[in-house]
Amino acid sequence: MHVVVNAAMSADGKLSSHRREQIAISGEADFERVDRLRAASDAVVVGVGTVLADDPHLTVKGDDLRDQRRADGRSTNPARVVVDSSGRTPADAAILDDAAATYVCLSEAAPVDRRMTLADHAELVTAGEERVDLLRAFAALQDAGLERVMVEGGGELIFSLFEAGLVDELRVFVGPKIIGGRDAPTLADGEGFLAEFPTLELEEVDRLDDGVLLTWAVDER
Ligand SMILES: NC(=O)C1=CN([C@@H]2O[C@H](COP(=O)(O)OP(=O)(O)OC[C@H]3O[C@@H](n4cnc5c(N)ncnc54)[C@H](O)[C@@H]3O)[C@@H](O)[C@H]2O)C=CC1
Ligand SMILES: Nc1nc(O)c(N)c(N[C@@H]2O[C@H](COP(=O)(O)O)[C@@H](O)[C@H]2O)n1
């Protein structure tokens, strides 16, 4: 499995406002790049915090890209994956519609009624007692044939994926906005590292829209 984390952050490192409202940080060219990355992926992964905040669809937007996937014999859209320990994904979430297959990764603590509701709309993967065990969940996703995986956020999930050593590549668009707010989500939130910080190797720097796209390879730990 190859895992790419892709996100857009403001010049001060925020993913959204302190109210967790989605903000267009990317410009047109970056949104098109993200669409191409989605189209090249088998799965797009988000945390349930992103589902609750943004109600994302996570589908490929460009007709040409969807046509190309079909011509290659693939489904129109990549699978969508939500990391959701207690099954908080709403039954009417856009991510559960029939535009693509959806996997919801739960912990054993997810209540039975939530499981039953979500099972009507998605494949369920259970890993971890109270919180989703990402190593086990991603192994199950790989067993289901998902090899090229793109993670779109948010900050809690991205931190945990680095902590688990699951990230191969980081692509960050740094956009021309200051969002501010000590409680606004950043690229990597969670508890934070105190030692053994993941290290990165800079592979590319591209000027895009009015910002910069940074592509990093993640060093093995
Ligand atoms: N600018 C950008 O590119 C993006 C921005 N966002 C923004 O990020 C914010 C949401 O981010 P967060 O609140 O950090 O939520 P998140 O999307 O990272 O989800 C975190 C939640 O996932 C669940 N979870 C289960 N197992 C977990 C594990 N092992 N590790 C971590 N989480 C686990 C927990 O319920 C946790 O609260 C929203 O405001 C959204 O707009 C989200 C994606 C991309
Ligand atoms: N690449 C990128 N740039 C931004 O400026 C953003 N705000 C985001 N947000 C991500 O895109 C998701 C919405 O996807 P759909 O349009 O609903 O398919 C959102 O949930 C964030 O993950 N991304």
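This report describes the surroundings of two ligands in a predicted model, then one helix and one buried loop residue.

## Surroundings of ligand 1

Ligand 1 is surrounded by 26 residues, and the closest are Ala8, Ser16, Thr50, Glu152 and Ser160. By class, the shell around ligand 1 consists of 11 nonpolar, 9 polar and 6 charged residues. The space that ligand 1 takes up is the largest pocket.

Four elements each contribute at least two residues to the shell around ligand 1: strand E1 (2–10), helix H2 (48–54), strand E6 (148–153) and helix H6 (155–163). Of the shell around ligand 1, H2 provides the largest share, with 5 residues.

## Polar contacts and cover of ligand 1

Oxygen atoms of ligand 1 are approached by both side-chain and backbone atoms. For threonine 50, a polar side-chain atom is 2.6 Å from an oxygen atom of ligand 1. For arginine 88, a polar side-chain atom is 3.2 Å from an oxygen atom of the ligand. Glycine 154 instead uses a backbone N or O atom, placed 2.9 Å from an oxygen atom of ligand 1. On its own, ligand 1 has 870 Å² of accessible area, and the protein covers 88% of this.

## Surroundings of ligand 2

Around ligand 2 there are 17 residues, with Ile25, Ser26, Asp54, His57 and Lys61 the closest. The shell around ligand 2 is made up of 8 nonpolar, 5 polar and 4 charged residues. The space taken by ligand 2 is also described as the largest pocket. Two or more residues of the shell around ligand 2 come from each of helix H1 (28–39) and H2. H1 gives the most to this shell, with 3 residues. H2 thus appears in the description of both shells, as an element that gives at least two residues to the shell of ligand 1 and two or more to that of ligand 2.

## Polar contacts and cover of ligand 2

A backbone N or O atom of isoleucine 25 is 2.7 Å from an oxygen atom of ligand 2. For serine 26, an N or O atom of the side chain lies 2.6 Å from a nitrogen atom of ligand 2. A polar side-chain atom of glutamate 152 is 3.5 Å from an oxygen atom of ligand 2. The accessible area of ligand 2 on its own is 520 Å², of which the protein covers 84%. Glutamate 152 is also listed among the closest residues to ligand 1.

## Helix H6

Helix H6 (155–163) is one of the elements that supply the shell around ligand 1. H6 is largely enclosed by the rest of the structure, because 7 of its 9 residues are buried. The buried residues of H6 are Gly155, Leu157, Ile158, Phe159, Ser160, Leu161 and Phe162. Of these, Ser160 is among the closest residues to ligand 1. Just after H6, glycine 165 has a positive phi of about 70 degrees.

## Asparagine 77

Asparagine 77 belongs to the loop between helix H3 (63–71) and strand E3 (79–83). Its relative accessible area is 6%, so asparagine 77 counts as buried, the cut-off being under 20%. A polar atom of the asparagine 77 side chain lies 2.8 Å from the backbone nitrogen of valine 60.

Terms used
Residues are numbered from 1 along each chain as its sequence is written. Chains are lettered from A and ligands numbered from 1 in the order in which they are written. This is a predicted model: local features need pLDDT of at least 70, side-chain atom pairs count only at pLDDT 80 or more; totals for chains, interfaces and linings use all residues. Side-chain values use heavy atoms; hydrogens and water are left out. A residue is near a molecule or strand if one of its heavy atoms lies within 4 Å of it. A polar contact is a pair of N or O atoms within 3.5 Å; within protein, one must be able to donate a hydrogen and the other to accept it, and residues adjacent in sequence count only if both atoms are side-chain atoms. Accessible areas come from the Shrake-Rupley method with a 1.4 Å probe; for residues, only the protein chains shown count as cover. On a 1 Å grid over the protein atoms alone, a cavity is a set of points where a 1.4 Å probe fits but cannot get out, and a pocket is an open set with protein on both sides within 12 Å along at least five of seven lines; lining residues have an atom within 4 Å of a point. A molecule sits in a cavity or pocket if more than half of its atoms lie within 2 Å of its grid points. Ala, Val, Leu, Ile, Met, Phe, Trp, Tyr, Cys and Pro count as nonpolar, Asp, Glu, Lys and Arg as charged, and the others, Gly among them, as polar. Buried means under 20% relative accessible area, exposed over 50%, partly exposed in between (1.4 Å probe, protein chains only).
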